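This report goes through burial, fold, nonpolar cores and a few individual residues. The sequence and structure come first.

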Amino acid sequence: MSTIVAAAVRDEHVEVPAKPAKTVRRSKLLYIGLSLLGLLILFAAVAPLFGSPYVLHRDGLTDLGSPLGILSPGHLAGTDSLGRDLLARSASGLRATLVIAIAANVTSMLVGTVVGLIAGSFGPVVQQGLMRVVDVFLSIPIVLSGLALASIVGRGMWGIVVVVTALYWAWTARLVYGEVLRLRGRGFVEAAAVHGVGKLTILRRHILPHISTVLLNIAALNGAAVVVIGAGLSYLGAGIQPPQPELGNLLASGSTAIDYAPHLLLVPLVLTIATVLSFVLIAEGINRRNSLSERQSWLDI
């Protein structure tokens, strides 16, 4: 045995195992999603530089009254059917969509996380009561309930934030509740309870740090879903109303002009897909960085 060890020590050409290619892809996927989302946020932030989205330009229509196409002089993305600059309207619409997505995501995550933590940590009466409320919200069709709620709370930006929060907090609560149940039987949680540590302290010091990755994953996936439902409500006329631009109502107006001005649909559609894709890539990247996750997906290439 000593001879074998000595021979291994003298060997100067011992190969170090290469880092698995899958680990490299895991790190890159998150960075790609963050970079794409950062570019979209930057584009939305500089929207005022492209001009007002409400101005009717005299040179915004052709002699026949049709919108200008992409790469037209003075209008890089063309104009809409009223002669308004489409680049300015798309940037402003993206900004409205991102504000709705971020605000609704934060509020729904906060409400859902608090409900899930309480339901998973307290007695069966509290647990069953909260989970039955969650089940009721999960059983309601999203589109129909969204349209009904929008007619009650209003169709402005913050009204849509309230609607989307009401629609998505229950998903977060259900997932957090499952994670709390999984961790509640772990040794370190039981040891803290035996030593007299309060439930709120256990939640703050022991449960939350262990579900932080799950919460980030849920937040990223919710971001993609919130963008879709927010734009969908505006597309159906229950969200932000024209002339204020938002990706949903830009898609609605563009779909009516697809025969003679397809760029009116193409530009907001590309921005919508890019926004959803950025959140999906971030969620997938976070999941793949979790060493305990073995889930496979269509991105495993």
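## Burial and surface

Of the 301 residues in the protein, 43% are buried. The model is a predicted one, and the values below are computed from it. The exposed surface comes to about 16,100 Å², and 69% of it is supplied by carbon and sulfur atoms.

## Fold

The protein has 11 helices and 0 strands. Along the sequence the pattern is accordingly α-α-α-α-α-α-α-α-α-α-α.

Contacts between residues at least 6 apart in sequence can be divided by separation: 70% of them join residues at least 24 apart.

## Nonpolar cores

In soluble globular proteins, nonpolar side chains tend to be buried together. The largest nonpolar core here has 36 residues, and L94 and V164 touch the most other members. Two or more residues of this core come from each of helix 2 (21-45), helix 3 (86-121), helix 6, helix 9, helix 10 (247-255) and helix 11 (263-289). Leaving aside neighbours within four places in sequence, V164 is in contact with A104, V226 and I229.

Another core, of 13 residues, lies apart from the largest one. Its members include M109, V176, L183 and L215.

## Aromatic pairs

There are 2 aromatic pairs in the structure. One is formed by F43 and F50, with 5.5 Å from centre to centre and 45 degrees between the planes. This pair counts as tilted because its angle is neither under 30 degrees, as stacking requires, nor over 60, as edge-to-face requires. Both rings belong to partly exposed residues: F43 has a relative accessible area of 21%, and F50 has 29% relative accessibility.

The other pair is F137 and W169, whose ring centres are 5.1 Å apart. Their planes stand at 65 degrees, so this pair is edge-to-face. F137 belongs to helix 4 (residues 124-139) and W169 to helix 6 (residues 157-184), so the pair ties together parts that are 32 residues apart in sequence. The two partners fall into separate accessibility classes: F137 is partly exposed at 34% relative accessibility, whereas W169 is buried at 11%.

## A buried asparagine

Which residues surround N222, leaving aside its neighbours within four places in sequence? The contacts of N222 are N105, S108, M109, Y168 and T172. N222 itself is placed in helix 9 (residues 212-235). Its relative accessibility is 8%, so N222 counts as buried, the cut-off being under 20%. Among its contacts, M109 is also listed in the core of 13 residues.

## An exposed tryptophan

Is W158 buried or exposed? W158 has a relative accessible area of 54%, so it is exposed, the cut-off being over 50%. This residue lies in helix 6, the helix that also holds W169.

Not counting residues up to four places away in sequence, W158 touches V99 and A103. W158 and I240 are separated by 82 residues in sequence, while their C-alpha atoms are 9.4 Å apart in space.

Conventions:
Residues numbered from 1 in each chain as written. Predicted model: local features only at pLDDT ≥ 70, side-chain atom pairs only at ≥ 80, totals over all residues. Heavy atoms only, no water. Phe/Tyr/Trp six-rings, centres within 6.5 Å; stacked < 30°, edge-to-face > 60°. Buried < 20%, exposed > 50% of the residue type's maximum accessible area, 1.4 Å probe, protein only. Helix = DSSP H or I, 4+ residues; strand = E, 2+ residues; numbered from the N terminus. Contact = heavy atoms within 4.5 Å. Areas by Shrake-Rupley, 256 points an atom, 1.4 Å probe, with all protein chains shown as cover. Core = buried A, V, L, I, M, F, W, Y, C linked by side-chain atoms within 4.5 Å.
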